Amino acid sequence: MKSPATITLNIGNALPFGNEKDTARIISLWESLDDYFRHRPFVAQSGINGKAKHYTISLNTESMVNMMTEAQTVSGSFSNHLASHIDDSSVSVSGELTITIGNERHSQDELETYQVATVFIQQLVMAANIALPGSIQILDAKYVGEGARHYEAQSFDSRLLYGAMTTAKANGSPSLHFHSFAIIWEWLDQCEVSHRSTAISDINKVLFTLLKVAEQRHEYSARTVLMVVYQLEVLLDHRDPSYLALTRNRARLVLGEIPESADCFAELYDVRNSLFLAHQPVHRPPLICHGTADALKEQIGQHNTAVELGTALVLALIQDLVTHNAQRYEFTETFSRH
């Protein structure tokens, strides 16, 4: 495959959730990506066990923006449009991303091109969800074109991330803001999150786990809780499960007071401890359909609110690091005798 190479990702279900206000914000975000990713330098791992190399990336989001704009025009909001799609299959929620990858230093074969595209899409998922949680969805996706049959597209759902934002708003904490995508992308580049497949630094451990959280569909079970707690403990540099008060207090130091309605720490830690003691129920993977979320909501072993609030805390902490151009927190507890 000669450089540059173009890859097309067809996404059967590309419309994220969003009320009228969120819909306008998400469209604005996607409209900015075409210009931002125009021959942009990108350092990425060149293979599963390969070294990081220098590339240029261009991204065509025209199909996505057109689909989103039509959804807004027809239905007023993405959530309304998704509801219409349930009743009418002609209501489109599909889109395409076209990624062009080039470099000036070496020739690249087909495998390398798809590897770099995968790393780029993963970083796009991270950046979009930090900038505006729940603003990207890649479901029912497949690569199209010559050689595409050799590679499987990854899936990322917007449900949990959008739920984190709406639940945080409903409970008054933590505060999540619409951040600059460009600043977040530059921060991710500084973290070198695209350079290797194994996270070594704490911040990259959190970011890789954020991708795994974004893969979750309707089942917010103990497994999802475990990933959320892991992120919080890594971010807040505290790994003693018997002393959750310190984790809570460190979150308050960074984010401010957390009202009781938004304090999910006790439930998260109880679930994590029960999982290790084999007390947690285990569900079979559910049938995914439009009614799955409602059917599972009251099921024993589901932890929707705790998972969403915990994810909101993770996103708020990451946004705070981005705002201060930092990659970690350092805490020093002291005491005095009276």
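This is a walk through the structure in your viewer, one selection at a time.

**Whole chain**

Start with everything shown, and keep in mind that this is a predicted model. The chain has 12 helices and five strands. Turn it around and you'll find that the C-alpha trace spans about 70 × 50 × 35 Å along its principal axes. A compact globule of 338 residues would have a radius of gyration near 20 Å, and the chain has 20 Å, so the two agree.

Now switch on the surface. The accessible area comes to about 16,200 Å², and 49% of that belongs to carbon and sulfur atoms. As for the inside, 51% of the 338 residues count as buried. If you draw contacts between residues at least 6 apart in sequence, 75% of them join residues at least 24 apart.

**Helix α7**

Next, select residues 202-214, which make up helix α7. Its 13 residues reach 19 Å from first C-alpha to last, close to the 18 Å expected at 1.5 Å a residue. How many of its residues are buried? The count is 10 of 13, so call this helix mostly covered. Show side chains and pick out the buried ones, including Ile203, Val206, Leu207, Phe208, Leu210 and Leu211. Asn204 and Thr209 are buried too.

What does the covering? Bring up α4 (110-131), α5 (159-171), α6 (181-191), α8 (222-235) and α12 (304-323), which are among the elements over those buried residues.

**Aromatic rings**

Colour Phe, Tyr and Trp for this stop. A search of the whole structure finds 12 aromatic pairs. Take Phe42 and Trp185: their ring centres are 6.0 Å apart with the planes at 35°, so this pair is tilted. Phe42 belongs to strand β2 (residues 40-45) and Trp185 to helix α6, so the pair links parts of the chain that are 143 residues apart. Are these two buried or exposed? Phe42 has a relative accessible area of 2% and Trp185 has 1%, and with the cut-off for buried at under 20%, both are buried.

While you're on rings, jump to Tyr329 and Phe331. They form another tilted pair, 6.0 Å centre to centre with 40° between the planes, and both residues are buried.

Then go back to Phe42 and widen the selection. Ring pairs link Tyr36, Phe37, Phe42, Phe120, Phe181 and Trp185 into a cluster. Add Arg40 to the view: its charged end sits over the ring of Tyr36, 3.7 Å from the ring centre.

**Helix α12 and what follows**

You met α12 as part of the cover on α7; now select α12 by itself. Its 20 residues should span 28 Å at 1.5 Å a residue, and the end C-alpha atoms are indeed 28 Å apart. This helix is mostly covered as well, with 18 of 20 residues buried.

Step past the end of α12 to Asn325, where phi is positive, near 50°. Which residues does Asn325 touch, leaving aside neighbours within four places in sequence? Trp187 and Gln190 are its contacts. For a sense of distance, put a ruler from Asn325 to Tyr230: they're 95 residues apart in sequence and 22 Å apart in space, C-alpha to C-alpha.

**Helix α9**

Select residues 244-255 for helix α9. Its 12 residues should span 16 Å, and the end C-alpha atoms are 17 Å apart, which agrees. Look for Leu246, Thr247, Arg248, Arg250 and Ala251, which are buried. Show α10 (265-276) alongside, since what covers those residues includes this helix. Right after α9 comes Gly256, with a positive phi near 95°.

**Two last picks**

For something on the outside, select Arg223 in helix α8. It counts as exposed, at 52% relative accessibility. Its C-alpha is 30 Å from that of Gly50, which is 173 residues away along the chain.

Finish at Ala83 in helix α3 (residues 78-87). At 39% relative accessibility, Ala83 counts as partly exposed. Draw one more ruler, from Ala83 to Asn60: these two are 23 residues apart in sequence, and their C-alpha atoms are 27 Å apart in space.

Notes. Residues numbered from 1 in each chain as written. Predicted model: local features only at pLDDT ≥ 70, side-chain atom pairs only at ≥ 80, totals over all residues. Heavy atoms only, no water. Helix = DSSP H or I, 4+ residues; strand = E, 2+ residues; numbered from the N terminus. Expected span 1.5 Å × (residues − 1). Buried < 20%, exposed > 50% of the residue type's maximum accessible area, 1.4 Å probe, protein only. Contact = heavy atoms within 4.5 Å. Phe/Tyr/Trp six-rings, centres within 6.5 Å; stacked < 30°, edge-to-face > 60°. Lys NZ or Arg CZ within 6 Å of the ring centre and 35° of its normal. Rg over C-alpha atoms; globule rule 2.2 N^0.38 Å. Areas by Shrake-Rupley, 256 points an atom, 1.4 Å probe, with all protein chains shown as cover.
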